[in-house]
Amino acid sequence: MKREQGGGPLYERVKLYVLEKIQRGEWPPGTHIPAEQELVQTLEVSRMTVHRALRELSTEGVLSRTAGVGTFVSIAAPRPHLLEIRDIAEDISSRGQSYSAVVVSLEAIRATLDLATFFGLKPGAKLFHSVVVHFEDGCPIQLEGRYVNPVFAPAYLDQDFTQQTTTNYLRGITPATEVEHFVFAVLPDPEAQKLLQIEPDEPCILVVRHTWIDTLPVTKTLFTCPGSRFSLSTRQKF
């Protein structure tokens, strides 16, 4: 690919090359596209040009890049309803995909001032904490960090959350009567990068969810989702 006068920036032309491959069906969703060096040789451009093009396509959600594995054409991102408490395992299974989970930690902790304030406890009081990574067809799509009031779920630490989700277990005790969400656009911290197998510059969606049973605060949960693999939506009819 040689640059012609008026042809525009080379990285834009690399993006166009990739998009045309996808639109023509030559690279369907899930395709492992050629490595950067192969594209450099095919398109006769610099490695920096190819890297920028692929990075921008990843940010736009067209491609998904996994460290140490490669770059893939993104599969249509799942869109759970933001204002509902839905079970991620059920969502994935309903699409005909395979769900699995890895429990990173499941332990009792001492409440920080921030957590104690939300749960109405004294700083240092006991809380339960879990960190779980959710996978769709072997690809990590969500990192869940959950704080649980022991008064509400005293047997929480005894559960196997590879066999049922934390959401399914907790709503089986008593469904939440009040839910609050906050949504942020963030870059992943080192732990999220490692557990979700993403690059440091991968845009992520962070959802913070608070739940109550009547007036009792029962959970605070942080969901981190790679922007190229996950999206959020809501629809209400009045």
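This is a short talk about how one protein chain is put together.

Okay, hi everyone. One thing before we start: what you see above is a predicted model. Let's begin with the parts list. The protein chain has 7 helices and 8 strands. It runs to 238 residues, and 45% of them are buried. On the outside, the chain exposes about 12800 Å², with carbon and sulfur atoms supplying 53% of that. And if you take the contacts with a separation of 6 or more, 61% of them are between residues 24 or more positions apart.

Now, the sheet. Which strands make it up, and in what order? Going across, you meet β3, β4, β5, β8, β7 and β6, so to speak in a row: 6 strands in an open sheet, with antiparallel pairing. Why do β3 and β6 each have one side without a neighbour? Because β3 (99-110) and β6 (178-186) stand at the edges of the sheet, and each has a single partner strand. As for the twist, neighbouring strands here are turned by 15 degrees against each other on average, ignoring direction. And if you're wondering what holds a sheet together in general, strands pair through backbone hydrogen bonds.

Let's zoom in on that β3 edge. Its partner is β4, residues 126-136, and 11 bridges join the two antiparallel strands. If you want one pair to find on screen, look for Ser105, whose bridge partner in β4 is Val131.

Next, something lying across the sheet. Helix α6, residues 166-173, lies across β4, β5 (139-148) and β8 (216-226). Against β5, this helix runs at about 35 degrees.

There's also a little pair of strands to look at, β1 and β2. Strand β1 covers residues 63-66 and β2 covers 70-73; they run antiparallel, joined by 4 bridges. Arg65 stands opposite Thr71 in β2. So, are the residues of β1 buried or exposed? Buried, on both faces: Leu63 and Arg65 on one side, Ser64 and Thr66 on the other.

Last stop, the second largest pocket. The space in there is about 280 Å³. Its lining has 15 residues, and the ones nearest the centre are Leu143, Asp189, Glu191, Leu222 and Thr224. Which elements supply at least two residues each to this lining? That would be β4, β5, α7 (190-196) and β8. β5 gives the most, with 4 residues.

That's it from me, thanks for listening!

Methods
Residues are numbered from 1 along each chain as its sequence is written. This is a predicted model: local features need pLDDT of at least 70, side-chain atom pairs count only at pLDDT 80 or more; totals for chains, interfaces and linings use all residues. Side-chain values use heavy atoms; hydrogens and water are left out. Two strands pair if DSSP finds at least two bridges between them. Axes are lines fitted to C-alpha atoms, for helices over the stretch in contact, and angles run from 0 to 180 degrees between N-to-C directions. Contact means heavy atoms within 4.5 Å. Buried means under 20% relative accessible area, exposed over 50%, partly exposed in between (1.4 Å probe, protein chains only). Accessible areas come from the Shrake-Rupley method with a 1.4 Å probe; for residues, only the protein chains shown count as cover. On a 1 Å grid over the protein atoms alone, a cavity is a set of points where a 1.4 Å probe fits but cannot get out, and a pocket is an open set with protein on both sides within 12 Å along at least five of seven lines; lining residues have an atom within 4 Å of a point. Grid points are joined across faces, edges and corners, and a volume is the space filled by probe spheres set on the points.
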